[in-house]
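Please open the model in your viewer and keep the sequence panel at hand. The tour below proceeds by selection, with a short account of what is found at each stop.

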Amino acid sequence: MSGMLFALALFGCTDDGSACQRLGSTEQTYESRVECLAAQRTALDSEAAMEADYPSVLVQCMTRSQLARIGHGPVNIRKAGFTMADAAE
């Protein structure tokens, strides 16, 4: 997977994850999935996550191409097949 960048994106979601919206327009990028996963807790403690007006705030590491495919519109994370970290963990 050399050369692949991973993006860490925040999502504001309903409690059941059926309706999520990306928070913010810029995502942090990392050179490895391990680095991205290590940054999840910090992202959940960020101002953007703390001030989000959603029942749940989730964070996901994904490739830039995966992030581009879901766009900025609403996404059902259960159907998208994501495994996300959330503030309750």
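Is cysteine 61 buried or exposed, and what is its relative accessible area? Select this residue in the model, which is a predicted one. Cysteine 61 has a relative accessible area of 2%, and it counts as buried because that value is under the 20% limit.

**The disulfide of cysteine 61**

Add cysteine 36 to the selection. The two residues form a disulfide, with 2.2 Å between their sulfur atoms. This bond links distant parts of the chain: cysteine 36 belongs to helix α1 (residues 33-38) and cysteine 61 to strand β3 (residues 56-63), a separation of 25 residues. Viewed along the S-S bond, the torsion is about -100°, so this disulfide is left-handed. Cysteine 36 is likewise buried, because its relative accessibility is 0%.

**The other disulfide**

Next, select cysteine 13 and cysteine 20. A disulfide joins them, with an S to S distance of 2.1 Å. Which hand does this disulfide have? The torsion about its S-S bond is about 115°, so the disulfide is right-handed. Both cysteine 13 and cysteine 20 are buried. Across the whole structure the search finds two disulfides, and their pattern, with bonded cysteines counted along the chain, is 1-2, 3-4.

**The overall fold**

Now clear the selection and colour the chain by secondary structure. Five helices and four strands should appear. Starting at the N terminus, the order of the elements is β-β-α-α-α-β-α-α-β. Of the 89 residues in the chain, 42% are buried. The accessible surface of the chain is about 5,400 Å², and carbon and sulfur atoms hold 51% of that area. Among contacts with a separation of 6 or more, 72% are between residues 24 or more positions apart.

**The nonpolar cores**

Select Leu8, Leu10, Cys36, Val57 and Val59 and show their side chains. These residues have the most contacts inside the largest nonpolar core, which has 14 residues. Elements β1 (6-13), β2, α2 (40-44) and β3 each give two or more residues to this core. For the second, separate core, select Cys13, Cys20, Leu58 and Val75, which are among its 10 residues. The disulfide between cysteine 13 and cysteine 20 thus offers a convenient landmark for this second core, which includes both residues.

**Arginine 22 and leucine 67**

Move to arginine 22, in strand β2 (residues 20-30). Why does this arginine count as buried? Its relative accessibility is 10%, and the limit for a buried residue is under 20%. Display what surrounds the residue: leaving aside residues up to four places away in sequence, arginine 22 touches Leu10, Phe11, Glu27, Leu67, Ile70, Gly71 and His72. A polar atom of the arginine 22 side chain is 3.4 Å from the backbone oxygen of leucine 67.

Follow that contact to leucine 67, which is placed in helix α4 (residues 64-70). Leucine 67 has a relative accessible area of 3% and is therefore buried. With residues up to four places away in sequence again set aside, leucine 67 touches Ala7, Ala9, Arg22, Glu27 and Met62. Then draw a distance from the C-alpha atom of leucine 67 to that of leucine 8: the value is 9.2 Å, although the residues are 59 positions apart along the chain.

**The salt bridge**

Select arginine 41 and aspartate 45. How far apart are the closest N and O atoms of this salt bridge? They are 3.9 Å apart. The count for the model is one salt bridge. Arginine 41, at 37% relative accessibility, counts as partly exposed, and aspartate 45, at 44%, also counts as partly exposed.

**Last stop: serine 18**

Finish in the loop between β1 and β2, where serine 18 is found. Serine 18 is partly exposed, because its relative accessible area is 29%. Add isoleucine 77 and compare the C-alpha positions: the two residues are 6.2 Å apart in space and 59 residues apart in sequence.

Key:
Residues numbered from 1 in each chain as written. Predicted model: local features only at pLDDT ≥ 70, side-chain atom pairs only at ≥ 80, totals over all residues. Heavy atoms only, no water. Buried < 20%, exposed > 50% of the residue type's maximum accessible area, 1.4 Å probe, protein only. Polar contact = N/O pair within 3.5 Å; in protein donor to acceptor, adjacent residues only side chain to side chain. Contact = heavy atoms within 4.5 Å. Salt bridge = Lys/Arg side-chain N within 4 Å of Asp/Glu carboxyl O. Disulfide = S-S within 2.5 Å. Areas by Shrake-Rupley, 256 points an atom, 1.4 Å probe, with all protein chains shown as cover. Core = buried A, V, L, I, M, F, W, Y, C linked by side-chain atoms within 4.5 Å.
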